[in-house]
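Here are some worked exercises to go through with the model open beside you. Try each task first, then read the solution.

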Amino acid sequence: MADQDPQPPSRHLNPHELTQQFEQLLRTRRLNALSDRGRPRHPAQTSPYPTPTPSRQSSHHAPNPPPRPAQHNSPALPSYSSLRNMPKVPSPPQDDRSLRFRNLLVSLSFKPTHYENPGLLDEALAVIPLDRIYGEAEDESQLLQAQAASIGPNAKPEWGYQDCVIRALLRWFKRIFFSFVNNPPCPVCAAPTVALGMTTPTPEEKARSATRVELYRCSASHCRAFERFPRYGDVWTLLQTRRGRCGEWADCFSMLCRAVGGRVRWVWNAEDHVWTEVYSEQQKRWIHVDACEEAWDNPRLYTEGWGKKMSYCIAFSSEGATDVTRRYVRDAGKHGADRNRCPEEVLVWITDEIKKLRRENSSKEDRRRVIYEDHREEKELRGYVVRALAAEIGRINLSGQPTTSGEEQKLPERVSGAQEWREVRGEAGNRSPSHDHPPREGH
């Protein structure tokens, strides 16, 4: 039996090394693309004659092509839609579809400006049990400081005091203050109601920013009373009613976060969900917060926990708008939906337009600060793409990494809302009938 050549030893795949390699590879590809874009083509490089296509019949008669210089093949990248995130030149919307999307985003960008109303801030602050919130925040902050001190003299707590205030506010808001509405009970006999559809808002409901009103009817045969459920967009009204679904929860909670001094974003998802982001001075980044789920810093919850496919996640604040989809969709091939509302260059132009609109009256110091934060956040979002590429290329098992990366973490399913409602919206995890099913109700 002939001797077989010994197999070369398998090389251990280092995630950090692969990440560095792909960062360098992406930089090289970007530079090459920009260079090719700016270099004029020489007429000699373009042949006026079509290149013949070889076929089985003509292969014996076609002349041999001239020899070509040897080319060095660059390493092939995997198929991953986020690789299209090459440097883009902002371009204004031209077609009707892009213009409609631009008008939608500009109208949504006014939502967080209401959180700066001094009167509303006072009203919001009046309903918060400050002694309880600050007491819980102080206890948690001291515990985190003690944990950091036990690690070493240079260790810092994971979360700062202001973060602990928002976390305490989140627990109180979810467990005590606000309630989730599936079908509202009958106002006469408190029996369950049946949805009949949408109805026209009254002038009073319109005055409280209710553009949609759901109509229900009592299921009891002896009652059959009607109940209206206005979807209020006025924060002051929500502080009184203290009920709603995702939209009302995110709107009211964002306002309360602003009232206790937090910097907030209102995040809109094209697949009918909204939530909050709060800026952490301790970690110098925006933190995902979903009051409906009492979720803190768990951005992969929707795609990998609920089984939801997402296209656009746009964060709005009093300082502008940012496309944060990469924070919430880590695997665009598996969890991403089609981004077809406008070209990517147009979306960059729209978010830049909203930033200019919101920052035109800011001081130079504030503008420099938010621009620096924009660059740092962009670096963070690019890092998610690079790590996903490294994991896909090397099939790296990252379960040994810190849980903040969460690559192998088991994420929870949605807990707010009735089970049937979650399944219809495709947000019940593996039990959803279809993750591509469009939502039938507003958030």
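**Exercise 1. Work out how many bridges join strand β6 to strand β10, and then place the pair in its sheet.**

Step 1. Start with the pair itself: β6 (residues 264–269) and β10 (residues 313–317) run antiparallel and are joined by four bridges. Strands here are DSSP runs (E, at least two residues), as helices are (H or I, at least four), numbered from the N terminus. Two strands pair if DSSP finds at least two bridges between them.

Step 2. Pick out one rung: Trp268 has Ile314 as its bridge partner in β10.

Step 3. Zoom out. The open sheet has six strands in the order β9-β8-β7-β6-β10-β11, with antiparallel pairing. Its edges are β9 (295–296) and β11 (320–323), each of which pairs on one side only.

A word on ground rules: this is a predicted model, where local features need pLDDT of at least 70 and side-chain atom pairs count only at pLDDT 80 or more, while totals for chains, interfaces and linings use all residues. Residues are numbered from 1 along each chain as its sequence is written, and side-chain values use heavy atoms, with hydrogens and water left out.

**Exercise 2. Find which strands helix α2 lies across, and which strands helix α12 touches.**

Step 1. Helix α2 (residues 96–108) lies across β6 and β10, running at about 150° to β6. Angles run from 0 to 180 degrees between N-to-C directions, with axes fitted to C-alpha atoms, for helices over the stretch in contact.

Step 2. Helix α12 (residues 344–359) packs on the sheet too, touching β10 and β11, and its direction makes about 155° with that of β11. Contact means heavy atoms within 4.5 Å.

Step 3. Check the length of α12: its 16 residues reach 23 Å from first C-alpha to last, close to the 22 Å expected at 1.5 Å a residue. That expected span is 1.5 Å times one less than the number of residues.

Step 4. List buried positions (under 20% relative accessible area, with exposed over 50% and partly exposed in between, 1.4 Å probe, protein chains only). In α12 they include Val346, Leu347, Ile350, Thr351, Ile354, Lys355, Arg358 and Arg359. An α-helix has 3.6 residues a turn, so residues three or four places apart point the same way.

**Exercise 3. Which residues does Ser109 touch, and which does Glu319 touch, beyond four places in sequence?**

Step 1. Ser109 is in the loop between α2 and α3 (118–127), and a relative accessible area of 1% makes Ser109 buried. Its contacts are Phe316, Ile354 and Arg358.

Step 2. Glu319 sits in the loop between β10 and β11. Its contacts are Arg263, Lys355, Arg358, Arg359, Arg369 and Val370.

Step 3. Compare sequence and space for one of those: Glu319 and Lys355 are 36 residues apart in sequence, yet 6.3 Å apart in space, C-alpha to C-alpha.

**Exercise 4. Is Val289 buried or exposed, and what surrounds it?**

Step 1. Val289 lies in strand β8 (residues 285–290), and counts as buried because its relative accessibility is 0%.

Step 2. Leaving out residues up to four places away, Val289 touches Leu170, Phe253, Trp275, Thr276, Val278, Ala295 and Trp296. The C-alpha atoms of Val289 and Thr276 are 5.1 Å apart, with their positions 13 residues apart in sequence.

**Exercise 5. Which members of the largest nonpolar core touch the most other members?**

Step 1. A nonpolar core is a set of buried Ala, Val, Leu, Ile, Met, Phe, Trp, Tyr and Cys residues joined through side-chain atoms within 4.5 Å.

Step 2. Among the 58 residues of the largest one, the answer is Leu105, Leu169, Phe173, Phe253, Leu256, Trp268 and Phe316.

Step 3. Follow Phe173: beyond four places in sequence, its contacts are Phe178, Trp249, Cys252, Phe253, Leu256 and Ala291. A second, separate core has twelve residues, among them Val267, Ala295, Leu301 and Tyr328.

**Exercise 6. Where is Arg327, and what does it touch?**

Step 1. Arg327 belongs to helix α10 (residues 325–328), and is buried, with a relative accessible area of 2%.

Step 2. Not counting residues up to four places away, Arg327 touches Arg265, Glu277, Trp286, Pro299, Glu377, Glu380, Leu381 and Tyr384.
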